[in-house]
Amino acid sequence: KLSNPNKLLVGQQLTIPRTEVKEVKKSVSTTQLTQFDEPITGTSYTVAKGDNLWKIAVRAYQDGYKWVEIMRANELANPSVIHPGNVLTIPR
């Protein structure tokens, strides 16, 4: 019951409601990939034009949300900036 939810005060106590933890996992089958999106099975990948970490994670893990693992393994400061020709480590 905050009067202004954009302003919190130091020392203010907040009540965090209990929620049920749900795991959402959408799997992409290899039949959903186009001919240009062959699965990545190795431990490294050379970035091609039009790639982004989400697409690479889908091809490598069949789970786009695992793009964070690629970002961390490659110590990328800005995950939105990858260039064709970059060689990325794909953690397995």
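Which residue caps the N-terminal end of α1? In this predicted model, that job falls to N52, with a side-chain oxygen sitting 3.1 Å from the backbone nitrogen of W54. At the other end of the helix, just after α1, Q62 takes a positive phi of about 60 degrees. Q62 is not a glycine, yet its phi is positive all the same. Q62 belongs to the loop that runs between α1 (53-61) and α2 (67-73). With a relative accessible area of 25%, Q62 comes out as partly exposed, because that value is over the 20% limit for buried residues and not over the 50% needed for exposed ones.

Between these two ends, α1 itself is mostly covered, with 7 of its 9 residues buried. The buried set is made up of L53, I56, A57, V58, R59, A60 and Y61. An α-helix has 3.6 residues a turn, so residues three or four places apart point the same way. As for what lies over the buried residues of α1, the cover includes β1, α2 and β2.

The helix also figures in the largest nonpolar core, a set of 13 residues. Within this core, I40, L53, I56, Y61, I70, L88 and I90 touch the most other members. Two elements, α1 and α2, each give two or more residues to this core, and α1 supplies the largest share, 5 residues. I56 gives a good idea of how the pieces come together here. Leaving out neighbours within four places in sequence, I56 is in contact with I40, Y45, V47, D51, I70, I82, L88 and I90. Several of these partners, including I40, I70, L88 and I90, are also among the core residues that touch the most other members.

Next comes the stretch after α2. Two residues of the loop between α2 and β2 (87-89) stand out, N74 and E75. Is N74 buried or exposed? N74 counts as buried, because its relative accessibility of 18% falls under the 20% cut-off. Its contacts, not counting residues up to four places away in sequence, are with V87, L88 and T89. E75, on the other hand, is exposed, because its relative accessible area of 70% is over the 50% mark. E75 also has a positive phi, near 50 degrees, again in a residue other than glycine.

One of the residues touched by N74 is V87, which is found in strand β2. V87 counts as exposed, because its relative accessible area of 56% is over 50%. Even so, V87 has several partners from elsewhere in the chain: setting aside neighbours within four places in sequence, V87 is in contact with S44, Y45, T46 and N74. How far apart are V87 and T46 in sequence and in space? The two are 41 residues apart in sequence, while their C-alpha atoms lie 4.3 Å from each other.

Finally, there is a nonpolar patch on the surface. L2, L8, L14 and I16 make up this patch of about 410 Å². One of its members, L14, lies in the segment before β1 (44-46). L14 counts as partly exposed, because its relative accessibility of 47% lies between the 20% and 50% limits.

Conventions: Residues numbered from 1 in each chain as written. Predicted model: local features only at pLDDT ≥ 70, side-chain atom pairs only at ≥ 80, totals over all residues. Heavy atoms only, no water. Helix = DSSP H or I, 4+ residues; strand = E, 2+ residues; numbered from the N terminus. Buried < 20%, exposed > 50% of the residue type's maximum accessible area, 1.4 Å probe, protein only. Contact = heavy atoms within 4.5 Å. Patch = residues over 30% accessible without salt bridge, like charges linked within 9 Å, V, L, I, M, F, W, Y side chains within 5 Å. Areas by Shrake-Rupley, 256 points an atom, 1.4 Å probe, with all protein chains shown as cover. Salt bridge = Lys/Arg side-chain N within 4 Å of Asp/Glu carboxyl O. Core = buried A, V, L, I, M, F, W, Y, C linked by side-chain atoms within 4.5 Å. Polar contact = N/O pair within 3.5 Å; in protein donor to acceptor, adjacent residues only side chain to side chain.
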